[in-house]
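Work through the exercises below with the structure open beside you, and try each task before you read its solution.

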Amino acid sequence: MEKFVISGGKPLKGTVHISGAKNAAVAVLPAVLLSDEPCTIENLPNISDVSTILQTMSALGAKVKLINKSTVEIDPRNVRSYVVTKQMAEGMRASSYFMGALLGRMKHSRVAPPGGCDFGVRPIDQHIKGFEALGAKVTIENGMVDAKADELRGSSIYLDVVSVGATINIMLAAVKVKGLTVIENAAREPHIVDLANFLNSMGADIMGAGTGMIKIRGVDYLKGADYSIIPDQIEAGTYMVAAAATMGDVLINNVTPKHLESIAAKLREMGALVEEFEEAVRVKMSSRPRKCNVKTMPHPGFPTDMQPQIATILAVAEGTSIVTEGVWDSRFRYVEQLTLMGADIQVDGKMAVITGVDALSPAPVKAVDLRAGAAMLIAGMMAEGVTEIEEIDHIDRGYEEVVEKFTALGADIKRVYYDENAGALKRA
Ligand code: EPU
């Protein structure tokens, strides 16, 4: 087993380079299955969710060749299997994108229900509604979601909830079907635009990505493409909050500042200096943060994937802040861990009332999910003394070289291998 051991209390200073976006990469890679020619994907983050997707693509029959740690060449022409087993899908929400991609490619997909972070119920009814509107018959057999069609055809789909996953899955299934598909009430996240740009660079005809209405006119053939994934909005946001929370001064490089506006706005409200450059943002904090209220919403609102991190800095703000979760039913499991570090947070349904304390204190904590894990890292760097974080495999799913990047900014974080049974500690 591995854990992080953090000796906190040091302000972060310097420059950090942001990797490619996890949530774009996990959509673009399955989309390669729709191509009629090999593709090269660049700026992939080197994280376990990406490795899992690539392994799944190999298992389906694609030829996957790693060119370097962030570039991969994929030839999907020999893919004959339409089955993604439970073993392949486990631990990864994005496995659901194989439903749309394989349905679009082979008119048949059989995919185990997706894993990923535990936020209570994570339904896929809107994905299924979309596949059915395109003409597929969707059944659940032996715990697998089976979607099959003799012929798929374009259709109009109104999403009852704004869903990133359903929007992406319907785009994937529809890109090569006959006729026009319209997705109304579509999600507008940057990774949806990235997926549309990738598909269009192969010859797809997708308009409106980034707005609430996406129009997809089916094409017969998709040629190969060389494509570079956009920078990770949430990784960037995590470093922005970490810089402010540790009273640091950090230049966050290789970002799209427009994607970070809601995060920058909240940090400014707390008293941070946030400067925007063409492909970078600088965050500097010189005084105790001020309280502020945050409500998460689909893009362009404040991202739910930044909710645990922002709550962590607010835990030491002057005054009482209210954080409202507007996307997921249950995303406050990390609060119990922050409370172990001395935070004063009361959760009532979708709302957390955070009364700022003077400082967090170190404690043994767990990463209960990916972004909760990022919040624990920030909390550990804020607290003077030694904090240990267990269950860090969640963090490795989504943050490339997290120890190296924070260490380069002056943090003291070690990845420690330990033998649970012997209780022995060994540094990596
Ligand atoms: N929902 C439904 N029915 C559906 C699909 C979704 O009711 O068929 C509901 C969900 O229960 C939730 C809301 O709609 O309340 C939004 O869910 P969405 O489908 O947008 O989430 P997702 O596609 O499963 C992606 C990201 C998450 C991020 C959400 C919201 C990926 C791989 N995952 O999940 O990212 O929280 O969008 O922005 O893109 C993360 O990176 O840490 C992460 C969890």
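The exercises that follow concern a predicted model, and each solution goes step by step.

**Exercise 1. The largest pocket**

Task: Find out how much space lies in the largest pocket, which residues lie nearest its centre, and which domains give residues to its lining.

Solution: Begin with the volume, which is about 1100 Å³ for the largest pocket. Next, turn to the lining, which is made up of 49 residues, and note that Arg122, Val164, Gly165, Val327 and Trp328 are the ones that lie nearest the centre. The elements that give two or more residues to this lining are α1 (22–31), α5 (125–133), α6 (164–174), α7 (190–201), α8 (233–245) and α12 (370–382). The largest share comes from α1, with 4 residues. Sorting the lining residues by character gives 24 nonpolar, 12 polar and 13 charged. Finally, compare the lining with the domains: domain 1 (2–19 + 231–427) and domain 2 (22–228) both give residues to the lining, and therefore the largest pocket lies between them.

**Exercise 2. Two helices that help to line the pocket**

Task: For α12 and for α7, set the expected span beside the distance between the end C-alpha atoms, and then look at which residues are buried.

Solution: Start with α12, whose 13 residues should span 18 Å at 1.5 Å a residue; the C-alpha atoms at its ends are 19 Å apart, which agrees. The expected span uses one less than the number of residues, because it is defined as 1.5 Å times that reduced number. Now consider burial, where a residue counts as buried under 20% relative accessible area: 13 of the 13 residues of α12 are buried, so this helix is largely enclosed by the rest of the structure. At the N-terminal end of α12, Asp369 acts as a cap, since one of its side-chain oxygens lies 3.3 Å from the backbone nitrogen of Arg371.

Repeat the steps for α7, which has 12 residues and reaches 16 Å from its first C-alpha to its last, close to the 16 Å expected. The buried residues of α7 are Pro190, His191, Ile192, Asp194, Leu195, Ala196, Phe198 and Leu199. Just after α7 comes Gly203, which takes a positive phi of about 115 degrees.

**Exercise 3. Buried residues and their partners**

Task: Locate Met99, Arg331, Gly398 and Thr181 in the structure, decide whether each is buried or exposed, and name a residue to which each is linked by a distance.

Solution: Take Met99 first, which is found in helix α4 (residues 97–106). With a relative accessible area of 0%, Met99 is buried, and its C-alpha atom is separated by 8.0 Å from that of Ala173, although the two residues are 74 residues apart along the chain.

Arg331 is found in the loop between β19 (320–324) and α11 (335–340). Its relative accessibility is 3%, so Arg331 counts as buried, and its side chain is joined to that of Asp305 by a polar contact of 2.7 Å.

Gly398 lies in the loop between α13 (393–396) and α14 (402–408), where a relative accessibility of 5% makes this glycine count as buried. The C-alpha atoms of Gly398 and Ala21 are separated by 8.9 Å, while along the chain these residues are 377 residues apart.

Thr181 lies in strand β11 (residues 180–184) and counts as buried at 0% relative accessibility. A polar atom of the Thr181 side chain lies 3.4 Å from the backbone nitrogen of Ser155.

**Exercise 4. Backbone details in the loops**

Task: Identify the residues joined by a cis peptide bond, and then describe where Asn142 and Met247 are placed and how accessible each one is.

Solution: The cis peptide bond joins His299 and Pro300, with omega at about 10 degrees. Pro300 lies in the loop between β18 (294–295) and α10 (307–314).

Asn142 has a positive phi of about 45 degrees although it is not a glycine. Asn142 is found in the loop between β8 (137–141) and β9 (144–148), and since exposed means over 50%, its relative accessibility of 82% makes it count as exposed.

Met247, which is not a glycine either, has a positive phi of about 60 degrees. Met247 is placed in the loop between α8 and β15 (249–253), and at 33% relative accessibility this residue counts as partly exposed.

Terms used
Residues are numbered from 1 along each chain as its sequence is written. This is a predicted model: local features need pLDDT of at least 70, side-chain atom pairs count only at pLDDT 80 or more; totals for chains, interfaces and linings use all residues. Side-chain values use heavy atoms; hydrogens and water are left out. On a 1 Å grid over the protein atoms alone, a cavity is a set of points where a 1.4 Å probe fits but cannot get out, and a pocket is an open set with protein on both sides within 12 Å along at least five of seven lines; lining residues have an atom within 4 Å of a point. Grid points are joined across faces, edges and corners, and a volume is the space filled by probe spheres set on the points. Ala, Val, Leu, Ile, Met, Phe, Trp, Tyr, Cys and Pro count as nonpolar, Asp, Glu, Lys and Arg as charged, and the others, Gly among them, as polar. Domain bounds come from an automatic or database domain assignment. Buried means under 20% relative accessible area, exposed over 50%, partly exposed in between (1.4 Å probe, protein chains only). A polar contact is a pair of N or O atoms within 3.5 Å; within protein, one must be able to donate a hydrogen and the other to accept it, and residues adjacent in sequence count only if both atoms are side-chain atoms.
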